[in-house]
Amino acid sequence: MAGRKAVLALALAVVAGAALCWTLAPAWRHRAGTLAPVLVMPLLGGGNIDLARLRGRPMLIDFWAPDCAPCVAELPVLERLARTDAGRFTLIGVAMAYSDPDALRAIAARAGITYPLTWDRDGRIAAAFGGVRVTPTQVLIGANGRIQARVEGGLASPLLHSMLQADRHAPMARD
């Protein structure tokens, strides 16, 4: 009887460990220092934005949703940041797949958003960035195309400012 319990406990531990590895594996592949994915993303207003063409200066990718109160609250903050540091970095808003595109457009218009917005219609953008599941999530990408930080649940602007300062004083690295 004790042997069966031990085998059952071991089997449960293996299943739990495998589930944990499966859940965390995408995040491990997208930690600081790894190359950011190269994607062409459809813009909400039409056209595309190609991340490969934006290499050479820092980027902030903001994953958000219109039903996420903290996300909507920080849209004006992000807009001010984009305008204040225009030309020094690129800010791209990525709305989650479950978002209603009409709600996205309405909220973006009310907030006066001028930076590029994309709707991750099929979830491939979130998957490419390590399976983003929490909004807001911001991913900072250095001028060299490497992920500098991933911030879940809060505004990454202090990190962005420090990264911009570091990029200003460091020689540009290319891969």
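User: What makes β3 and β6 a strand pair, and do they run parallel or antiparallel?

Analyst: In this predicted model, five bridges join β3 to β6, and the two run antiparallel. Pairing requires at least two bridges, so the five found between β3 and β6 satisfy the criterion. Within this pair, Ile-61 stands opposite Val-139 of β6.

User: What makes β3 and β4 a pair?

Analyst: Six bridges join β3 to strand β4 (residues 90–95), set against a requirement of at least two, and therefore they count as paired. These two strands run parallel. Ile-61 stands opposite Ile-92 in β4. From β3 the chain crosses through helix α2 (residues 69–84) to β4, in a β-α-β crossover that is right-handed.

User: Why is strand β3 called largely enclosed?

Analyst: Six of the six residues of β3 (residues 59–64) are buried, so the rest of the structure largely encloses this strand. Both faces are covered: Met-59, Ile-61 and Phe-63 are buried on one side, and Leu-60, Asp-62 and Trp-64 on the other. In a regular strand, side chains alternate between the two faces of the sheet.

User: Why does Thr-137 count as buried?

Analyst: Thr-137, located in strand β6 (residues 137–141), has 0% relative accessibility; the cut-off is under 20%, and therefore Thr-137 is buried. Residues touched by Thr-137 include Ile-61, Asp-62 and Phe-63, as well as Arg-150 and Val-151.

User: How do you know that the side chain of Thr-137 reaches the backbone oxygen of Val-134?

Analyst: The side chain of Thr-137 lies at 2.4 Å from that oxygen of Val-134, and the limit for a polar contact is within 3.5 Å.

Key
Residues numbered from 1 in each chain as written. Predicted model: local features only at pLDDT ≥ 70, side-chain atom pairs only at ≥ 80, totals over all residues. Heavy atoms only, no water. Helix = DSSP H or I, 4+ residues; strand = E, 2+ residues; numbered from the N terminus. Buried < 20%, exposed > 50% of the residue type's maximum accessible area, 1.4 Å probe, protein only. Polar contact = N/O pair within 3.5 Å; in protein donor to acceptor, adjacent residues only side chain to side chain. Contact = heavy atoms within 4.5 Å. Right-handed = clockwise from strand over helix to strand, strands pointing away. Lists of a residue's contacts leave out its neighbours within four places in sequence.
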